[in-house]
Amino acid sequence: MDSPAPVAPARKRLVDYRPPDWLVPEMALRFELDAERTLVHARMRVRRNGAHASALQLDGEELELLSLAVNGVVRPVNAAPEGLVLEIDGDEALIETVVAIRPAANSRLMGLYSSGGNLCTQCEAEGFRRITFFPDRPDVLSRYQVRLEADAARYPVLLANGNPGAAGALPDGRHFAEWDDPFPKPSYLFALVAGDLQALEDAFVTLSGRTVKLGIWVAAADVPRCRHAMESLKASMAFDEQVYGREYDLDVFNIVAVHDFNFGAMENKGLNIFNAKYVLADPDTATDWDYDAIAAIVAHEYFHNWSGNRVTCRDWFQLSLKEGFTVFRDQQFSAHIGSAAVKRIEGVRQLRASQFPEDEGPLAHAVRPESYAEISNFYTATVYDKGAELIRMMATRLGAAKFRAATDRYFADNDGTAATVEDFLAAMQSQGLESELFRRWYEQPGTPRVAVQATHADGRLELLIRQSNPKLPGAAPLPIPLRFALFAADGRKLLERDDLLLTDAETRLSIEGIAEAPILSLNRGFAAPILIEPAPRRDELLVLAAHEDDPFARYEAVQQLMLSALTASAAGGVAIGHDEVVEAARALLAKAGDDPAFVAETLLLPSEALIGDRMPIVDPEAIHAAREELRCSLLSALREPLWAAWRGCDAPEGQAPRAKGLRRLKGILLSLLLADDGAEATAAAFGQFSGAANMTDRMSALTALSHSQGAERDDALRLFAARYDLLPEVLDKWFLAQSSSTRPDTRAVVEALAQHPRFDARNPNRLRALVLGFAMNQTRFHDRDGAGYALLAGHVLTADRINPQSAARLVQPLARWRRLAEPWRPLMRAELERIAHTPGLSRDLTEVVTTSLS
Ligand code: PHE
Ligand code: ZN
């Protein structure tokens, strides 16, 4: 039976921001920890903020209030479940509360919850209100003193923010530990962990000579798999000192890995909590990709200690102030420890895979959104990755020395406060940045288009450069740094410009002394997050692919060749442009040994999703067919060089960049060799799988085999499952390999796996591997009967009753319905409608669904 479509939930607006009525300078917490029922005793000193007569409002969610006293006077506990409103005489007061909470029953993984028998917290963005009554907003900063009490056998380790204090035994087999955090912080940075954990320990001596004790806490058996995370942590600490002058500020820094976690990791002050998949690694269980992701996320969370914790956000609209900046900082770190060119290519690929489509679709929002219903829905590619691109543009525009001076200024001026994007821009402006213009980037959703018209006559080149934004026609023009170069037809570079800043809707440029009509290479280094339209002609791209000296631009030329062939073929139904792609690939293969990582990235065909993003309307079958056809053309034209290159990819073990590049290339070549599912390649893949000495080779072989019809595929999956049955982060790869398969039986396989004893819809990693993996599978998710959409919708509805944040993320592939051709569009829309008409949806899911349908 149908119920009426849900009303869009109420939205909070940036323009309505008001400073808090009451501040909480001091907060003392005592926890009587227990998985079934934990008691939380809170003592807060509150202070009226300014002259007003408003009551003190405390947020609270699913709290059982047991007692309440104001200035020592007990008040009745008839509180509303969703918060407390207290009339206070005078400008200061002591508020004491005791509440009970139920960690074991907390499946949202927000607040205090149980994971693998341990207790841990997640408070960003609004989880602290699920622990105790508090003004749960980031502009209320408090000094925290915390005492944890728990059963000593079940929870031998008790951790919280700050520095450790007293600890000892209590009656009845219980024990306690006290923690004191001297740095005022917002409630979203609060954390505690209680569990049966062991640490990999180390130490770091800071710039000024202080020794910081480092610990990474995991189950005893996992301690040896923490070494890479520890090395990454120490490298991050050194990097932040050298590049940003930022020193760590507590005596200890702890990381805890948990298996049930909504995101990647969390930067709680002095006590980062991580999704275990971003901590645990050894060559037998983690791919090179995992190693890199661990280093980047360890760095990201560590860097938050300054960009996020010492300087936090005034309100959640400013989220990119900490996230965009910190992503940029972790990208710099990754470029520093690896290959800068390859890191940039990977970063742009990710931006195009997730942020560009978001910015074109119904969920588009500005890097600083104007409104939200549920803030958890705004931890997006736009806030994170486009936000990082904005910082990158500013950093490039200022140059390294001035950018450093500007960030020094930002940290000095805002230390210990909750800041805004304007505060960041003011610091940039102090070094000469055009901050008033750059601010527009924070306010305008949509990917800007830049079109360049070139005319050449009498040794003079005239460029007419126009910017536009289809999401916001007529919007104020953005400052766009446009790096470009001109090339002659024979590949000579004629001119290079790095300093052009477009500030108008139209810019005219006249360049003298250009003897022939040149080839334009635009947006070199991907200096701005824009789309260039139209792409260069295929003959021009071949010249750039061979002669560009900017590695990103060279990569881009090959990608554009592939994209133009693929979109033309998908639209026209006949193979177009294959010869040029083959020629470019042949040239790359000939130089594979020189820079295997670059060749690997460049040879990788654009994904089906990306091809669709470049087409006015998405026909998933035509796109899949066009891509398969190009893979087959490459294989039949280059069979020998592909085999030779694959055989030449034997790499030494270890994480040296060249070894990683060789393994990456080997995997990409193997997948091309399997384009026609031939017996020889299938046997080679199985050989690579069973002979692999590391997870990278094993996994690239398993992934390549996963699409195959051969018996080797079943054997490999069986061997993998037996070997890694007890390691959940590794078994996720097994689920993902099957949900991502292009085989026609994939939907049935996914349905069967949802009944597998190791499937658990409450575990976000597992749910993502199986169900989101399937929804990202452009070939099988879009099966013509719409059954893939129905399968996803069913899981979304189940997830919503367990964990609304998970459900709101899982549903997003359906938000693309408008872009799809018939018959897919109405089928997709119908599933979205079915979800929308289900009673009792969470606010998280309702916001995404109503926005997607509107
Ligand atoms: N702040 C975390 C990060 O990006 C992400 C996160 C948000 C984690 C919300 C958990 C919950 O570093
Ligand atoms: Zn972050």
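Me: Which helices do the buried residues of H25 pack against?
Reply: In this predicted model, helix H25 covers residues 843-853, and its buried residues are Asp 844, Leu 845, Thr 846, Glu 847, Val 848, Val 849 and Ser 852. The partners against which these buried residues pack are helix H22 (787-802), helix H23 (804-810) and helix H24 (824-836).

Me: What percentage of residues 539-853 is helix?
Reply: UniProt, in an unreviewed entry, lists residues 539-853 as "domain: Peptidase M1 alanyl aminopeptidase C-terminal". Over this stretch the end C-alpha atoms are 42 Å apart, strand accounts for 0% of the chain, and the helix content is 70%.

Me: Which helix gives the largest share of the largest nonpolar core?
Reply: The largest nonpolar core holds 248 residues, of which Val 256 and Val 279 touch the most other members. The largest share of this core amounts to eleven residues, and these come from residues 551-572, that is, helix H10. Leaving aside neighbours within four places in sequence, the contacts of Val 256 include Cys 120, Trp 217 and Phe 274. The helix asked for is therefore H10.

Me: How many residues of the shell around ligand 1 are charged?
Reply: Among the residues around ligand 1 are Glu 124, His 300, Glu 301, His 304 and Tyr 379. Strand E19 (265-266) and helix H2 (288-303) each supply at least two residues of this shell. By residue type, the shell has four nonpolar and four polar residues, and the number that are charged is four.

Me: What distance separates the centres of domain 1 and domain 4?
Reply: The domain assignment places domain 1 at 22-196 and domain 4 at 725-854. Taken over C-alpha atoms, the distance between their centres is 36 Å.

How values were computed:
Residues are numbered from 1 along each chain as its sequence is written. Chains are lettered from A and ligands numbered from 1 in the order in which they are written. This is a predicted model: local features need pLDDT of at least 70, side-chain atom pairs count only at pLDDT 80 or more; totals for chains, interfaces and linings use all residues. Domain bounds come from an automatic or database domain assignment. UniProt positions are given in the numbering used here, feature names are shortened, and annotations may be inferred rather than shown by experiment. Helices (H or I, at least four residues) and strands (E, at least two) are DSSP runs, numbered from the N terminus. A nonpolar core is a set of buried Ala, Val, Leu, Ile, Met, Phe, Trp, Tyr and Cys residues joined through C-beta atoms within 7 Å. A residue is buried if 20 or more other C-beta atoms lie within 10 Å of its own, exposed if 12 or fewer, and partly exposed in between; C-beta atoms are placed from the backbone. Two residues are in contact if their C-beta atoms, placed from the backbone, lie within 7 Å. A residue is near a molecule or strand if its C-beta atom, placed from the backbone, lies within 6 Å of it. Ala, Val, Leu, Ile, Met, Phe, Trp, Tyr, Cys and Pro count as nonpolar, Asp, Glu, Lys and Arg as charged, and the others, Gly among them, as polar.
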